[in-house]
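Trainee: I've got a new structure to look at and no idea where to begin. Can you walk me through it?

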Amino acid sequence: MIFGVNSNEETIFGMVVSGSSQAAQAFSRFKGDLGQVVTIPVREEIPTNSRMNLIHELARIHSMGWLEACELPASGILRPCRGPRCGGHTLEAHLGIPLNGAAAPDFGEWEVKQHAVTSFDRPNVGNITLFTPEPDLGGYASKGVDWFVRTHGVMGKTQVRYDFTGRHMVSGAPHPKTGLELILNGYSPRYKAMTADGYVGLVDGRGNLVSGWSFAKLLQHWQGKHAFAAYVPSQSVSDAIPRLYRYSNRVFLAEGTRFGLFLEALSRGSIVYDPGIKSELQGNGRWTPKARSQFRIATRLLSSLYNDFNEIDVLIS
């Protein structure tokens, strides 16, 4: 919100922004006199040692070669990691990052994310999960993930598991498998403007909101985790026991972002909602759900989400 007041020959301008925005943070750091026209730098500079520490650690991990899949629990003692999604846990474990689901950066100011590639010479191939915020709107939020997946998911052939999957994008049409449409309410792609009560949601054929994320929640997750992000290509040996991972020396460092860039990419279909939600019938007759509401983007499109996006070699930087 921007407003102005004209009093005699003086004009006063004001702007209301989120407390977590770069403008608000820059203003809070400003130490000069405010009784005059001044320029306040908005770009947030991160401590040089934070960036260099990250680069040093990524170089060290790259030099270790193939690593057994592992994870770091709160106890601080490494333990094996099972399953096909241990690439991120293994990297975080060797960075000293314990398992957590907090909407905060991993390594100092940096959010560190790995993404699987078949060749380190082609780091832009494939897709990457940006974040996995749980819905705070619709029946999903009020009735729970088990209700959602058993109502809108697909029953497997064994009759003991429901799955809700599929790449949903803002396209104006329902997904052919789930019948739900992903909508972006409260955002104008033409004017690149959003409303305070806007949301991203899944609606059924009658227009009912069955699952949704308020802009307020998405903004908190996006700005909190993605102001500074490192994207690290990885390779794995899936038939090894335990599974093995190694990490490239060529990584992407991304600095500076706005929530508007996220919404813009979502509106044009660059970012998709690609969930992996399930509920399984246990021996005691109860259903056990597992939530994974993930927003993903093609790696080659990552640069559109940041002010600065550079590929570096951690061995020579």
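Mentor: Sure, and one definition before anything else: helices (H or I, at least four residues) and strands (E, at least two) are DSSP runs, numbered from the N terminus. Keep in mind that this is a predicted model, where local features need pLDDT of at least 70, side-chain atom pairs count only at pLDDT 80 or more, and totals for chains, interfaces and linings use all residues. Residues are numbered from 1 along each chain as its sequence is written, and side-chain values use heavy atoms, with hydrogens and water left out.

Trainee: Okay. How many helices and strands does the chain come to?

Mentor: Seven helices and 20 strands.

Trainee: And what is the volume of the largest pocket?

Mentor: The space in the largest pocket is about 1400 Å³. Of the 50 residues lining that pocket, Arg85, His89, Thr129, Thr132 and Arg292 are the closest to its centre. A pocket here is an open set of points on a 1 Å grid over the protein atoms alone, where a 1.4 Å probe fits, with protein on both sides within 12 Å along at least five of seven lines; lining residues have an atom within 4 Å of a point. The points are joined across faces, edges and corners, and the volume is the space filled by probe spheres set on them.

Trainee: Which elements supply at least two residues of that lining?

Mentor: Helix H3 (87-94), strand S6 (111-116), S7, strand S9 (161-165), helix H6 (215-226), strand S13 (228-237) and S17 each do. S6 gives the largest share, six residues.

Trainee: What's the lining like by class?

Mentor: It has 17 nonpolar, 19 polar and 14 charged residues. In that count Ala, Val, Leu, Ile, Met, Phe, Trp, Tyr, Cys and Pro are nonpolar, Asp, Glu, Lys and Arg are charged, and the others, Gly among them, are polar.

Trainee: Switching topic: what order do the strands have in the sheet with S7?

Mentor: That open sheet of three strands runs S7-S19-S16, with antiparallel pairing. Strand S7 (127-131) and strand S16 (271-273) are at the edges with a single partner strand each, so one side of each has no neighbour in the sheet. On average, neighbouring strands here are turned by 35° against each other, direction ignored. For angles, axes are lines fitted to C-alpha atoms, for helices over the stretch in contact, and the values run from 0 to 180 degrees between N-to-C directions.

Trainee: How many bridges join S7 to S19?

Mentor: Four, between S7 and strand S19 (residues 295-298). Two strands pair if DSSP finds at least two bridges between them. Asn127 of S7 stands opposite Ala298 in S19.

Trainee: Is Asn127 buried or exposed?

Mentor: In between: Asn127 counts as partly exposed, at 33% relative accessibility. Buried means under 20% relative accessible area, exposed over 50%, and partly exposed in between (1.4 Å probe, protein chains only). Asn127 touches His115, Arg167, Arg296, Ile297, Ala298 and Thr299, leaving out residues up to four places away in sequence. Contact means heavy atoms within 4.5 Å. The C-alpha atoms of Asn127 and Ile297 are separated by 5.5 Å, though these residues are 170 apart along the chain.

Trainee: Which helix lies across that sheet's strands?

Mentor: Helix H7 (residues 259-267) lies across S7, S16 and S19, at about 75° to S16. H7 is mostly covered, with eight of its nine residues buried. What covers those buried residues includes S7, strand S10 (181-188), strand S11 (193-203), H6, S16 and S19. After H7 comes Gly269, with a positive phi near 85°.

Trainee: And where does Asp274 lie?

Mentor: Asp274 is in the loop between S16 and strand S17 (276-281). Asp274 counts as buried because its relative accessibility is 14%. Among the residues that Asp274 touches are Arg167 and Arg296.

Trainee: What does S17 pair with?

Mentor: S17 pairs with strand S18 (residues 287-290), antiparallel, over four bridges. Ser279 has Pro289 in S18 as its bridge partner. Their hairpin has five residues between the strands, and Gly285 takes a positive phi near 90° there.

Trainee: Last one: what share of the chain is buried?

Mentor: Buried residues make up 41% of its 317 residues. One of them is Ala59, with a relative accessible area of 13%.
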